[in-house]
Amino acid sequence: MNVKVMNRSGNELPQYATALAAGMDVRAANEEPIVIAPLQRVMVPTGLYVEIPAGYEIQVRPRSGLAAKKGVTVLNSPGTIDADYRGEICVILVNLSSEEFVIEKGERIAQLVLARHERIEWEESGCLSDSGRGAGGFGSTGVK
């Protein structure tokens, strides 16, 4: 699927790392290094602007290596970029480690995944059909 993009980052466009990868690595477009202190959150610019087709969103997800090795992740994961948004894509990163983390220009900071979605039309009702699970939630299925 073709998606229009304006790239004002000075970085290459996001790319799939392998033939079967679902997400594309997106890079930071900061002019100066960004230092994220422990438990601090920052908005990191990407320099990318997109025109997503109707019925789709782009999800912003953490990079597993960055989370596992450095404790840095996407705070509102997955973040959603709606089809009618035309501003710069920014990534909200949080440092969950006990050490500062420095983001250099061009560093891979997150993944972008194009996803189809449906819109809900509510049908108000006074009751719902029964299910085996019922109202059980938050650990009720026995998974520990």
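User: Which residues have the most contacts inside the largest nonpolar core?
Analyst: This is a predicted model, so keep that in mind throughout. The largest nonpolar core has 25 residues. Strands β4 (34-36), β5 (41-45), β6 (48-51), β7, β8 (72-74), β10 (90-95), β11 (101-103) and β12 each put at least two residues into that core. The ones with the most contacts inside the core are Val44, Val91, Leu93, Ile103 and Ile109.

User: Take leucine 93 from that set. What does leucine 93 touch, leaving out residues up to four places away in sequence?
Analyst: Leucine 93 is among the core residues with the most contacts inside the core. Not counting residues up to four places away in sequence, the list for leucine 93 is Ile36, Gln40, Arg41, Val42, Val44, Val72, Thr73, Val74, Ile103 and Ile109.

User: What is the strand order in the open sheet of three strands?
Analyst: Pairing in this sheet is antiparallel. β5 and β8 have a single partner strand each, so they stand at the edges, with one side of each left without a neighbour in the sheet. From one strand to the next, the twist averages 35°. Put together, the order is β5-β10-β8.

User: Which residue in β10 stands opposite valine 72?
Analyst: β8 and β10 pair in the antiparallel sense, over three bridges. In that pairing, the residue of β10 opposite valine 72 is asparagine 95.

User: And the open sheet of five strands: which strands stand at its edges?
Analyst: The order here is β2-β3-β12-β7-β9, with antiparallel pairing. An edge strand has a single partner, so one of its sides is left without a neighbour in the sheet. That description fits β2 (15-16) and β9.

User: How many bridges join β7 to β12?
Analyst: β7 covers residues 56-61 and β12 covers residues 108-116. The two run antiparallel, and one bridge pair is glutamine 59 with valine 113. The number of bridges joining β7 to β12 is six.

User: On the β9 side, what does isoleucine 58 stand opposite?
Analyst: β7 and β9 (residues 79-81) pair over three bridges in the antiparallel sense. Across from isoleucine 58, in β9, is isoleucine 81.

User: How many of the residues of β7 are buried?
Analyst: In the five-strand order, β7 is placed between β12 and β9. The strand is mostly covered. Of its six residues, the buried count is five.

User: β12 also pairs with β3. What is the bridge partner of methionine 24 in β12?
Analyst: β3 (residues 24-27) and β12 run antiparallel and are joined by four bridges. For methionine 24, the bridge partner in β12 is leucine 112.

User: Which residues of the UniProt "binding site" annotation are included in the lining of the second largest pocket?
Analyst: The annotation, from an unreviewed UniProt entry, covers Arg63, Ser64, Gly65, Asn76, Thr80, Ile81 and Asp82. They're spread over 20 residues of sequence and also in space, up to 26.3 Å between C-alpha atoms. The pocket lining includes these from the set: Asn76, Thr80, Ile81 and Asp82.

User: Is arginine 63 buried or exposed?
Analyst: Arginine 63 lies in the loop between β7 and α1 (64-70). Leaving aside neighbours within four places in sequence, arginine 63 is in contact with Asp25, Arg108, Ile109, Ala110 and Gln111. Its relative accessible area is 15%, and the cut-off is under 20%, so arginine 63 is buried.

User: What is the relative accessible area of glycine 65?
Analyst: Glycine 65 is found in helix α1. This residue counts as partly exposed, with a relative accessible area of 26%.

User: Which peptide bond is cis, with omega near -10°?
Analyst: Look in the loop between β8 and β9, where proline 78 lies. The cis bond runs from serine 77 to proline 78.

User: What is the phi of leucine 39?
Analyst: Leucine 39 is found in the loop between β4 and β5, and at 64% relative accessibility this residue counts as exposed. Although leucine 39 is not a glycine, phi is positive, at about 65°.

User: What separates the C-alpha atoms of methionine 1 and proline 53?
Analyst: Methionine 1 lies in the segment before β1 (4-7) and counts as exposed at 61% relative accessibility. Outside its neighbours within four places in sequence, methionine 1 is in contact with Pro53, Tyr56 and Leu114. Methionine 1 and proline 53 are 52 residues apart along the chain, and the separation of their C-alpha atoms is 9.2 Å.

Notes. Residues are numbered from 1 along each chain as its sequence is written. This is a predicted model: local features need pLDDT of at least 70, side-chain atom pairs count only at pLDDT 80 or more; totals for chains, interfaces and linings use all residues. Side-chain values use heavy atoms; hydrogens and water are left out. Buried means under 20% relative accessible area, exposed over 50%, partly exposed in between (1.4 Å probe, protein chains only). Two strands pair if DSSP finds at least two bridges between them. Contact means heavy atoms within 4.5 Å. A nonpolar core is a set of buried Ala, Val, Leu, Ile, Met, Phe, Trp, Tyr and Cys residues joined through side-chain atoms within 4.5 Å. UniProt positions are given in the numbering used here, feature names are shortened, and annotations may be inferred rather than shown by experiment. On a 1 Å grid over the protein atoms alone, a cavity is a set of points where a 1.4 Å probe fits but cannot get out, and a pocket is an open set with protein on both sides within 12 Å along at least five of seven lines; lining residues have an atom within 4 Å of a point. Axes are lines fitted to C-alpha atoms, for helices over the stretch in contact, and angles run from 0 to 180 degrees between N-to-C directions.
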